[in-house]
Amino acid sequence: MSVQHVKIVKNVLAGNDQAAERNRARFTAAGILALNVIAAPGAGKTSLIVKTMAALGDRARVGVIEGDIAGSIDTEKVLAAGAWDAVQINTGGNCHLEAGMVQRALDDLNLDRLDIVFIENVGNLVCPTHWALGEQIKLCLPSTAEGHDKPIKYPEIFAVCDVIVLNKIDLIELVDFDRDFFYKAVRALNPRAPIFEISCRTGAGLAAWAGWLVDRHLEIEAAARRLNQLSPHIV
Amino acid sequence: MHELSIASYLLDSVEDQARQLGAQRVLAINLVAGERAGIVDEALQFSFDLLTAETLAEGARINVRRTFMCFHCAPCDCEYSPKVGDFNCPNCGAVGQLTADGTELLIESIEIET
């Protein structure tokens, strides 16, 4: 019997990352723009999805994968608001979605009918940050009521996200939200992500946000056409 | 609180490697966990111990080497660790840019009994 010290160097979450890559390939091949919606509880994730669908109108068919610890109340809400399809994932206490859960949900989602899929993660600004699901866009949704120091307290999600949607902008005066502080902190972490200021309650900013989404979806559709021309048998 | 999920991926990887190496037992796992990976060491060891009963990794110790979040200040051309509650350069007050440091979550090596 002998003791050996063996060098390995392996990413601990490689298994999740590989599953996420497979999901991303499925979304892209189907011409679907997938967004991983990450926010604290109460920031307005479901409201954002509902109001975005209304702002998109007939420009995009939206599907939703709802991640919750328990229950299906949000799935019922988005279907009532006009989602073309929705699938519920109950994590049973897990604080974040993982790529394997989304992979199973994709089998139940009618991908042929959809243009944009929102994956509503569990309400949590920490854990979901570290698990890729296969989205092309990681969306960080803070709200003014949570305070302007959110990027200081939870830097990682602001650092790795592709777009920031700041909700409850109608409350900005009431909650003493310091816009300059917020933008400075965000830009130190992430110089590139576009920031949309919106209010799901008043509808402010939703048209610009929906327009941006439509453009991103057109890019994915173009990528899907190129892919399908290269290897038509994959479709 | 995502340590239980991470422990489960960690165990899969370590068991796989240990079997390939013909190990009888895994004594220790040496991890590099960046500050930005959000791992609480005690929670990771606790979760890992819950999962490893009757596996090759039962009783294995997880040693964590921490790496840290870092910013670069262009005007000063220096790297700095942020102060609590402030990401700006401590020398000149400019908004710095986050570097890639402190994001790792890697198994660096394992100690096994063969």
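## Chain B at a glance

Chain B has 2 helices and 6 strands. Follow the chain along its sequence and you get the pattern α-β-α-β-β-β-β-β. Keep in mind that this is a predicted model.

How sure is the predictor? Chain B has an average pLDDT of 95, and 99% of its residues score at least 70. For the complex, the ipTM comes out at 0.90 and the pTM at 0.93.

## A spread-out chain

Chain B isn't a neat ball. Its radius of gyration is 18 Å, while the globule rule gives 13 Å for 114 residues, so chain B is more spread out than a compact globule. Its C-alpha atoms fill a box of roughly 55 × 25 × 15 Å along the principal axes.

What about the inside? Of the 114 residues in chain B, 31% count as buried. Now take the contacts in chain B between residues at least 6 apart in sequence: 73% of these join residues at least 24 apart.

## Where chain B touches chain A

On the chain B side, 31 residues are in contact with 31 residues of chain A. The elements of chain B giving two or more residues to that side are helix H1 (3–20), strand E5 (97–98) and strand E6 (105–113). E6(B) has the largest share, with 9 residues. As for chemistry, the chain B side splits into 16 nonpolar, 10 polar and 5 charged residues.

## Strands that pair up across the chains

Which strand of chain A is joined to E6(B)? That's strand E1 of chain A (residues 3–11), linked to E6(B) by 7 bridges, with the two running antiparallel. For one bridge, look at Gln4(A), whose partner in E6(B) is Ile112(B).

How values were computed. Residues are numbered from 1 along each chain as its sequence is written. Chains are lettered from A and ligands numbered from 1 in the order in which they are written. This is a predicted model: local features need pLDDT of at least 70, side-chain atom pairs count only at pLDDT 80 or more; totals for chains, interfaces and linings use all residues. Two residues are in contact if their C-beta atoms, placed from the backbone, lie within 7 Å. Helices (H or I, at least four residues) and strands (E, at least two) are DSSP runs, numbered from the N terminus. Ala, Val, Leu, Ile, Met, Phe, Trp, Tyr, Cys and Pro count as nonpolar, Asp, Glu, Lys and Arg as charged, and the others, Gly among them, as polar. Two strands pair if DSSP finds at least two bridges between them. pLDDT is the predictor's confidence in each residue, from 0 to 100. The radius of gyration is taken over C-alpha atoms; the globule rule is 2.2 Å times the number of residues to the power 0.38. A residue is buried if 20 or more other C-beta atoms lie within 10 Å of its own, exposed if 12 or fewer, and partly exposed in between; C-beta atoms are placed from the backbone.
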